[in-house]
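Reader: I am new to this structure, and I would like to learn how to read one of its helices and the parts around it. Could you take me through it step by step?

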Amino acid sequence: MVGGVLWRKIRREMWQTRWLYGAIAAMVALGVMLFAIASSLYRDMHLSYTESFARYCLEDFGVQVRSAPRTVVVRIRRLPGVAGAEGRLVKTVAIEIGSQNPRRLMGRLIGIEPGQPLQVNQLRLMEGRFLRGGRDYAILLESKFARYHRLRPHDTITVLWHGERVRFTIAGLVRSPEYIYVIQSKQQVLPSEDVFGVMFAPLEVVGEITGQSEQINEVRVVVKPGFNRELVAREVEHLLRVYDPEKPVMREDQPSYFLLESSARILRTYSVLFPMLFLGVSVLTLYTLQMRVVLQQRAVIGLLRALGYTRRQVLGHYLSMALVPGFVGGVLGVGLARVFRAGFPVATWGFWRCLWSVWSRRWCPLWEGCCWRWERLLQGVCYLRGRRRAFPLHRLCALRHRRWGVC
Amino acid sequence: MKPHPLIELREVSKIYRRDRFEVRALNRVNLQITQGEFAVVLGPSGCGKSTMLNLIGGLDTPTSGSVIVDSEDISRYNEAQLSAYRRHKIGFVFQFFNLVPTLTARENIELAAELVANPRPIDELLHAVGLYERANHFPGELSGGEQQRVAIARALVTRPPILLCDEPTGELDSATGKRILKLLHTLNRQEGQTIVLVTHNAAIAAMADHVIRLRDGQIESEVYSPQPGEVESLEW
């Protein structure tokens, strides 16, 4: 053990180089804080979207067909293992927004059963009202697209289908677990809510416009817990075989979910990489500093050995000098993490207030820019490893003449 | 009858090897130092004086032969035993004082005192070396002579039976050097402290009970002085 006098020595020597040791402690604190925050952020994010997907019944898989009667959904719902199924008529259309200088954009018009809660991919109404049954030429517009183009309920959107122009009134703004990221396909890397809008309209109306009344071209299914999703998907595919089905698209391959999972994976990676960067730098700095201290104090080390301090005691003394900033930084980091974590309680926000607010509403450009630069920087950074080195100074050094320089 | 030796070197050789070169620092040395003796080891640089001191102090081990201290063969000790040996039986005084610059005079003495169960009272030692008033000064605030007196107090605080001094006056002017020698002489005469002092200053031999002259790793001559001179009579 290191005695009281040696602690006094440590204290005074560290005070002499307090800015350097302070900087190291700050680096350790940053590393620990980032690790604590990033890992809890990842954990909360994962928990949040897992629970929310369950609450809003995100599909387990979907099957596209050329065209099938809407009554086939009833048969699918009866299949063993199927917790819920929705038949939809989905068309990619051109749309025009604005009355003075209309802008032409791409859209996805999704025909759904109005007037009843959806069994799969339930919508959350942000503003306005839900669809009414019958031939209501109203749509529910995905809220991020609406916000981007400053569209509100009661505004109109014109859908162009085979040369015909059909005018819809926006009934409400919604969010869907299926479109956390508004992207057209999996091939797209970035969300495209500025040029691509998702609209939900009554199935009957979409069928009438597209000439596919009482028809659907897509089935989305939620599987009961305990059932094998692949087997259920195969059953559904088999049932739809006469309607020329495509291969079922599992949830993992669903574009938005895929992008979300990728983001979560990146966050998880960064939750390790960021702290490693800071901790690695602090370890290297501490290592360099300690090596310099040991070199400077060779005579003191020799003296301690000559006085009768054991090798372990001397090693403990110099390791203590390294451990102090590590310990202080660690404690500080945990404290800071608690403070900052309290200001960013992701888990308590819940899915809709957390996930979407992060990616849209409260994602300020400055913060986004900073993060983007950090991402770029981190791409070039890999593990830094410090290594410990023993203090192999011979005890004779204390007695030897300094000018010899043999120790 | 000759008293039982406190320190005995039997056929001690020390060879330093580095790469293909071999330096024979000590060559089959035989020596006996008795309890309460003031022994001075004289010789030119590189003759093996410090090596001999290191072997007696347990800082190094001989290549061959035995170093027997208080009837124990310390050349067979392991690391832990050597640490304990240095702690309890040896007090070192170095040429360059080797005080820890970030500790005060008192704390430098405490550094050694912490290692033993029953150290000498530090205030008493500070009084003895005339530095009680300077106890809370850092080494940088003390003169060379004062620093060496702190080093002597540090060496004595563990009540060691043997005091090993390596050129204790080497960095001091003659007046200060004499004061240090006087202090060591007093310790030897009044407290019966066994002192082995290594120096290349032949003038110091006049105050020794036992003068050992080394040359090329071997003892050239040994002289016992029944009536050594006083420190005041030394001139260099």
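Author: What follows goes from one chain to one of its helices, then to a pair of helices. This is a predicted model, in which local features need pLDDT of at least 70 and side-chain atom pairs count only at pLDDT 80 or more, while totals for chains, interfaces and linings use all residues. Residues are numbered from 1 along each chain as its sequence is written, and chains are lettered from A and ligands numbered from 1 in the order in which they are written.

Reader: How many helices and strands are there in chain B?

Author: Helices (H or I, at least four residues) and strands (E, at least two) are DSSP runs, numbered from the N terminus. On that basis chain B has six helices and 10 strands. Of its 236 residues, 50% are buried, where buried means that 20 or more other C-beta atoms, placed from the backbone, lie within 10 Å of the residue's own.

Reader: What span should helix H6 of chain B have?

Author: The expected span of a helix is 1.5 Å times one less than its number of residues. Helix H6 of chain B has 18 residues (174-191) and should therefore span 26 Å, and the 25 Å between its end C-alpha atoms agrees with this. After H6(B) comes Gly192(B), with a positive phi near 65°.

Reader: Which residues of H6(B) are buried, and what do they pack against?

Author: Among the buried residues are Ile180(B), Leu181(B), Leu183(B), Leu184(B) and Leu187(B), and Lys178(B) and Asn188(B) are also included. The buried residues of H6(B) pack against helix H5 (144-156) and strands E3 (38-42), E7 (162-166) and E8 (194-199) of chain B.

Reader: How is a pair of packed helices described?

Author: Two packed helices are described by the angle between their axes and the distance between the axes. Axes are lines fitted to C-alpha atoms, for helices over the stretch in contact, and angles run from 0 to 180 degrees between N-to-C directions. For H5(B) and H6(B) the angle is about 15° and the axes are 9 Å apart. The two helices are therefore roughly parallel to each other, a term for angles under 35 degrees.

Reader: Which residues make the contact between H5(B) and H6(B)?

Author: Two residues are in contact if their C-beta atoms, placed from the backbone, lie within 7 Å. H5(B) contributes Gly144(B), Gly145(B), Gln148(B), Arg149(B) and Ile152(B), and H6(B) contributes Thr176(B), Arg179(B), Ile180(B) and Leu183(B).

Reader: How many residues of chain A are in contact with chain B?

Author: Here 21 residues of chain A are in contact with 24 residues of chain B. On the chain A side, H1(A) gives the most, with six residues.

Conventions:
Buried ≥ 20, exposed ≤ 12 C-beta atoms within 10 Å, placed from the backbone. Parallel < 35°, antiparallel > 145°, perpendicular 65-115°, else oblique.
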